[in-house]
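Reader: I keep meeting labels like "exposed" and "salt bridge" and never know where they come from. Could you take me through them on a real example?

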Amino acid sequence: IKSQKDNQVLTKLHEILRPFVLRRLKIHVLDKLPDKREIVLYPAMTEMQKVYYKCIVEKKSKEVLGIK
């Protein structure tokens, strides 16, 4: 009974939101756009970030943050 009610609520929510949700693909909007390029950059960590990272890896983060 609960899952049936959940499904009804979900269906009603979809009906309400449908006019406001716009889902389009780039190729449908403008076909002359170039393909998407992704560039991944890995910046160096600061000294504080290195300390936190080391603590997380060594599972000592609670000690460093002062949490009991």
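Reader: How many salt bridges are there by this rule?

Author: The count comes to two salt bridges. The rule asks for a side-chain nitrogen of Lys or Arg within 4 Å of a carboxyl oxygen of Asp or Glu. Before we go on: this is a predicted model, where local features need pLDDT of at least 70 and side-chain atom pairs count only at pLDDT 80 or more, while totals for chains, interfaces and linings use all residues. Residues are numbered from 1 along each chain as its sequence is written, and side-chain values use heavy atoms, with hydrogens and water left out.

Reader: What makes Glu38 and Lys36 a salt bridge?

Author: Their closest N and O atoms are 3.3 Å apart, and the limit is 4 Å. So the pair passes the rule.

Reader: Why is Glu38 called exposed?

Author: Exposed means over 50% relative accessible area, buried means under 20%, and partly exposed is in between (1.4 Å probe, protein chains only). Glu38 comes out at 63%, so it counts as exposed. Its partner Lys36, at 65%, is exposed as well.

Reader: And which side chains meet in the salt bridge of 3.5 Å?

Author: Those of Lys50 and Glu47, N to O. Both lie in helix α3, three residues apart, about one turn of the helix. An α-helix has 3.6 residues a turn, so residues three or four places apart point the same way.

Reader: Why is Lys50 called partly exposed, and what is Glu47?

Author: Lys50 has 40% relative accessibility, so it falls in the middle class. Glu47, with 57%, is exposed.

Reader: How do you know that α3 lies largely in the open?

Author: Of its 11 residues (47-57), the number buried is one, so that's the verdict. Helices here are DSSP runs (H or I, at least four residues; strands are E, at least two), numbered from the N terminus.

Reader: How many helices and strands does the protein chain have?

Author: Four helices and zero strands. From the N terminus on, the elements run α-α-α-α.

Reader: How much of the protein chain counts as buried?

Author: Of its 68 residues, 1%.
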